[in-house]
Amino acid sequence: MSSPTWRPNRRELFRFAGLGAAAAAIPGLAACGGESVTGGSTSELQFMYWGSSFEKTAIEAMLKSFQDSHKKVTTKPLYTPDDYTTKLNTLVASHRSPDLAYLGAPDCFRFGTAGNLLNLYDYVDKYPGLKDRLPYTYFWYGQDKLAGIQTANEVQLLWYNRKAFGDAGLDVPPADASKAWSWDDFVEMAHKLTLDQNGRSADQSGFDPTKIRQFGCSIGTVLGLNAEALVRSNGGSFFSEDGTQCTLDSAATVKVFQDIADLAYKYHVAPTTTQLGNNAPTTTVQLKTRRIAMVADGQWDLLDMAQSDLDFGMGVLPQYAKPVTIGQGGATSIFGATKNKEMALELYLYHNDPAKVKLFSDGLWMPLEKKYYTDPKLIDLWTKNKAHPAEFKSAVIDYALNNAVATWTQSIKNSSAISELITPPLQQVDNGKKSAAEVCRMVAGKVQPLLKGSYPQGDLS
């Protein structure tokens with residue numbers, strides 16, 4: 001996984017679409033069949049979540065802090081690092097749903113449309129903290145139907161090893177979106193940073209592409225978040241805004257997909273899927289070992305970066321027509337069966353408050369409310385520390401505020417089935433077996449019958 005916090009990867013999230021077969025109950029849950037997990041005590045709130053051991057510690061501390069400040073409630077963490085959706089489906093099917101839970105986008109929409117979740121829209125006036133959040137962080141399934149909000153915000157950016165740039169005598173990637181490299185500039189830099197075993201760069205005569213010791217860059221797969229950001233930057237998209245047309249075969253999308261594949265198979269400045277491997281090291285390790293000089297990845301890598309002795313830097317992604325990044329994150333939702341809606345809402349606001357949870361200041365999470373991106377004092381609350389480098393303000397905060405758009409799975413219906421269909425053929429572009437144009441033409445035609453539109457988006461402004 002690219003993120004230091006465990007979260008289901010894209011394909012896992014899309015597989016978790018239907019109610020699965022019964023699974024073993026999570027240790028510590030009430031065993032009374034047909035009884036809500038909150039039925040034993042209206043003052044108990046159960047919070048179900050996944051995550052690394054680091055995230056587990058932070059969430060447990062947050063829940064204890066909430067309990068200590070709310071004397072009439074007890075909190076119970078339901079840490080579930082494996083088979084998350086299967087176990088959650090079992091709880092919901094047996095009427096023992098938790099009060100609050102992490103949800104991937106498909107599950108959030110599935111439970112929301114089925115009526116299992118509390119409609120947060122009904123509470124935005126009473127709880128203003130639900131209102132003033134970045135617009136792409138909401139999971140709308142109707143103009144007045146809100147299934148959940150991101151647990152935390154994340155954006156895609158460009159990480160790099162400062163020493164690699166220094167050794168090559170190159171300027172580091174820009175941290176200001178208005179100065180983002182063009183795609184051609186990015187490719188040129190990747191050439192200069194790609195070195196063979198004899199120290200020749202990819203733009204020098206005699207360079208040996210079969211013996212590379214340092215790749216200049218890594219963007220990821222053509223269906224990944226970085227690719228989606230570049231497609232949007234080029235004026236393209238994966239699907240039309242209303243979710244009725246597949247636009248994977250548009251000229252703008254095809255060009256970006258082919259450009260990404262060309263990095264590895266034409267220019268040899270990025271690792272191929274085979275060279276990267278199925279169990280590739282983390283972004284931090286790739287940069288620290290100088291296997292790769294710059295990597296496009298999520299902001300969440302800051303947790304690992306800050307705890308390493310790597311001299312890293314943060315920049316914005318390259319651009320085509322305009323600078324764009326993808327804002328994304330799994331949802332947290334409240335199940336409608338909770339016996340204490342008001343207290344559950346209070347915990348909901350508490351659980352992603354930067355003043356209450358260390359995951360923000362430690363570099364794993366970013367806040368949701370706009371004020372943490374605009375008010376200098378509140379920005380300092382979560383970024384004025386050793387974990388966040390000087391360029392964080394422009395490379396991440398301003399970037400997220402001004403240049404982020406939501407990923408397609410946060411609005412397109414039937415995303416699980418769509419992803420299952422398009423992922424295998426698009427992997428042929430990733431592994432260099434077929435051209436982007438050929439694959440995208442084929443995929444677009446097959447996807448069209450699966451499209452069921454997009455979820456209407458609400459407006460809290």
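In this predicted model, helix α7, which spans residues 225-233, packs against helix α8 at an angle of about 135°, and the axes of the two helices lie 9 Å apart. Because angles over 145 degrees would count as roughly antiparallel and those from 65 to 115 as roughly perpendicular, the arrangement makes α7 oblique to α8. As for handedness, the crossing in which α7 passes α8 is right-handed. The residues that bring this pair together are Ala227, Leu230 and Val231 on the α7 side, which meet Thr253, Val256, Phe257 and Ile260 on the α8 side.

Helix α8, covering residues 251-265, also packs with helix α18, which covers residues 436-447; here the axes come within 9 Å and cross at roughly 135°. By the reasoning already used for the previous pair, this angle makes α8 oblique to α18, and α8 passes α18 in a right-handed crossing. In this contact, Val254, Phe257 and Gln258 of α8 meet Ala436, Ala437 and Cys440 of α18. Phe257 therefore deserves a second look when the two helix pairs are read together, because it is among the α8 residues that meet α7 and is also among the α8 residues that meet α18.

The α18 side of that contact leads to the cysteines. Cys440, one of the α18 residues that meet α8, has a relative accessibility of 0%, and because buried means under 20%, cysteine 440 counts as buried. The structure holds zero disulfides, and cysteine 440 is accordingly in none, the nearest cysteine sulfur being that of cysteine 246, 8.2 Å away. Because a disulfide requires a pair of cysteine sulfur atoms within 2.5 Å, the 8.2 Å separation from cysteine 246 does not qualify as one. Cysteine 108 likewise counts as buried, because its relative accessibility is 0%.

A further part of the model to examine is helix α4, made up of residues 105-113, in which aspartate 107 has its place. Aspartate 107 has a relative accessible area of 3%, and because the limit for buried is under 20%, this residue is buried. The side chain of aspartate 107 takes part in two contacts described here: a polar contact of 2.9 Å joins it to the side chain of threonine 85, and a polar contact of 2.7 Å joins it to the side chain of arginine 110. Aspartate 107 is thus a buried residue with polar side-chain contacts to threonine 85 and to arginine 110.

Technical notes:
Residues numbered from 1 in each chain as written. Predicted model: local features only at pLDDT ≥ 70, side-chain atom pairs only at ≥ 80, totals over all residues. Heavy atoms only, no water. Buried < 20%, exposed > 50% of the residue type's maximum accessible area, 1.4 Å probe, protein only. Helix = DSSP H or I, 4+ residues; strand = E, 2+ residues; numbered from the N terminus. Polar contact = N/O pair within 3.5 Å; in protein donor to acceptor, adjacent residues only side chain to side chain. Axes fitted to C-alpha atoms, helices over the stretch in contact; angles between N-to-C directions. Parallel < 35°, antiparallel > 145°, perpendicular 65-115°, else oblique. Left-handed = near helix turned anticlockwise from the far one by under 90°. Contact = heavy atoms within 4.5 Å.
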